[in-house]
Amino acid sequence: MRNNNETKEDSKRFFTRQLMSWNQDKNQRNMPWKGEKDPYKIWLSEVMLQQTRVSQGLEYYNRFVAAFPTIVDLAHAADEKVLKMWEGLGYYSRCRNLIHTARYISFELGGIFPEDYHQIIQLKGVGPYTAAAIASFAYNQPYAVLDGNVFRVISRYAGIETPIDTNAGKKEFEEYALSLLDAENPRLYNQAIMDFGATVCKPAAPLCGSCLLSRHCAAFLNGQVNQLPVKSKTITKKKRWFTYFIFHNKAYLAIRQRRQKDIWQGLNEFYLYESEKAIHWTTEQVQEWLEQQLAIAPAKVKSISEVQVQQLTHQQVTAQFIHIDLPAVPVALKSMDWIQEKEMGAFAFPRIINAYLESFPLKKAR
């Protein structure tokens, strides 16, 4: 048990000293961006790893760095090329912010990444966590990072029950995290606490039995390891029903870019009809709908797919794909982008469309 004579400051000093010792002697977590001091690459890795498994993010990171070695290279790339390389990561607003900020830094700041935390956090798409990561890892400035791993380590060690997804919680954790920071080597400390959370103080089955912090860890001493950290908000998942009409005219098919502020903004898709509930399409229903809604007749219905499902963070999308052969391009579809089927690989699509096309290639569906 914790010695009652020990103060909170003693406990904090113990934490920092032991963490840095663990990092030097036992931390074997290797990442290609560890030790990286290029703010562009640090920024890129942090944006990609938000809400993404490291194994998946690593593949994308390596591809991006190979294609766009510098922020200027990214700034000069076409939106479609960048979105195509991002395809499958999700959270496409992050990719659009990445493009916007790369161009701002390249064209307005002469390609020089800001060094000051307060300037970094003003960049579009950069929040407190990412700004702290860039400031500490690139410039060794004394800012504490707060990602999911750090929230978990701190909440368990200090026994903080304030929900991490509230303003009060964020403020409390920020203050506590800063008080633990090794101000002489924030770069090394921040990486150490993130690695510790990922490999020792894990969400499930943490290694408490061998943890060098356990004798001071409030959660371990009070049997709260599985109850911390606390979240107050329960995500309500919205259900949506999409029907994609894949219109073919000879060797061409119709796509268009999603421009509205919604999921998958900037990606391409087939003609979409979104309904309020599931529709059990038959060939006759499809033909009737096309004639009534788009004044398309005659139309040859080639195939109607099984239901496909993609679970997003706040939404569940259920989709069906219906292939339609047209003898000519009707007026209602002239505003679509008609591309050759062999050009499909040059355009970025949502994962639910790619997954369908991988299982049912266009030629097979027709």
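**Exercise 1. The second largest pocket**

How much space lies in the second largest pocket? Describe its lining as well.

Solution. The structure is a predicted model.
Step 1: the volume of the second largest pocket is about 590 Å³.
Step 2: its lining is made up of 22 residues. Those nearest the centre of the pocket are Leu89, Gly90, Tyr91, Leu312 and Thr313.
Step 3: sort the lining by class. There are 12 polar, 6 nonpolar and 4 charged residues.
Step 4: assign the lining to helices and strands. Helix H6 and strand S6 (308-311) each supply at least two residues, and the largest share, 3 residues, comes from H6.

**Exercise 2. Cysteines**

Find how many disulfides the structure has, and decide whether Cys201 and Cys95 are buried or exposed.

Solution.
Step 1: a search of the whole structure gives 0 disulfides.
Step 2: take Cys201 as a case. Its nearest cysteine sulfur belongs to Cys217 and is 6.5 Å away. A disulfide needs two cysteine sulfur atoms within 2.5 Å, and Cys201 is in no disulfide.
Step 3: turn to accessibility, where buried means under 20% relative accessible area. Cys201 has 12% and therefore counts as buried. Cys95 has 0%, so Cys95 is buried too.

**Exercise 3. A salt bridge between two helices**

Which residue forms a salt bridge with Arg103, and which parts of the chain does the pair tie together?

Solution.
Step 1: the search of the whole structure finds 11 salt bridges.
Step 2: one of them joins Arg103 to Asp79, with the closest N and O atoms 2.6 Å apart.
Step 3: place the two residues. Arg103 belongs to helix H6 (residues 92-108) and Asp79 to helix H5 (residues 79-86), so the salt bridge ties together parts that are 24 residues apart in sequence.
Step 4: compare accessibility with the limits for partly exposed, which lies between 20% and 50%. Arg103 is partly exposed because its relative accessibility is 25%. Asp79, at 38%, is partly exposed as well.

**Exercise 4. Glu87 and Lys84**

State the N to O distance in the salt bridge of Glu87 and Lys84, then classify each residue by accessibility.

Solution.
Step 1: the side chains of Glu87 and Lys84 meet at 3.1 Å, N to O.
Step 2: Glu87 has a relative accessible area of 14% and is therefore buried.
Step 3: Lys84 has 24%, so Lys84 is partly exposed.

**Exercise 5. A network of salt bridges**

Where in the chain do Arg258 and Glu269 lie, and which residues are linked with them in a network of salt bridges?

Solution.
Step 1: Arg258 and Glu269 form a salt bridge of 2.9 Å, N to O.
Step 2: Arg258 is in the loop between strand S2 (252-257) and strand S3 (268-269), while Glu269 is in strand S3. The pair links distant parts of the chain, 11 residues apart.
Step 3: both Arg258 and Glu269 are buried.
Step 4: Arg240, Asp262 and Glu274 are linked with Arg258 and Glu269 in a network of salt bridges.

**Exercise 6. Ser45**

Is Ser45 buried or exposed, and what is Ser45 in contact with beyond its neighbours within four places in sequence?

Solution.
Step 1: Ser45 is part of helix H2 (residues 39-49).
Step 2: its relative accessibility is 2%, so Ser45 counts as buried.
Step 3: with the neighbours within four places in sequence left aside, Ser45 is in contact with Trp33 and Tyr61.

Key:
Residues are numbered from 1 along each chain as its sequence is written. This is a predicted model: local features need pLDDT of at least 70, side-chain atom pairs count only at pLDDT 80 or more; totals for chains, interfaces and linings use all residues. Side-chain values use heavy atoms; hydrogens and water are left out. Buried means under 20% relative accessible area, exposed over 50%, partly exposed in between (1.4 Å probe, protein chains only). A salt bridge is a side-chain nitrogen of Lys or Arg within 4 Å of a carboxyl oxygen of Asp or Glu. Helices (H or I, at least four residues) and strands (E, at least two) are DSSP runs, numbered from the N terminus. On a 1 Å grid over the protein atoms alone, a cavity is a set of points where a 1.4 Å probe fits but cannot get out, and a pocket is an open set with protein on both sides within 12 Å along at least five of seven lines; lining residues have an atom within 4 Å of a point. Grid points are joined across faces, edges and corners, and a volume is the space filled by probe spheres set on the points. Ala, Val, Leu, Ile, Met, Phe, Trp, Tyr, Cys and Pro count as nonpolar, Asp, Glu, Lys and Arg as charged, and the others, Gly among them, as polar. Contact means heavy atoms within 4.5 Å.
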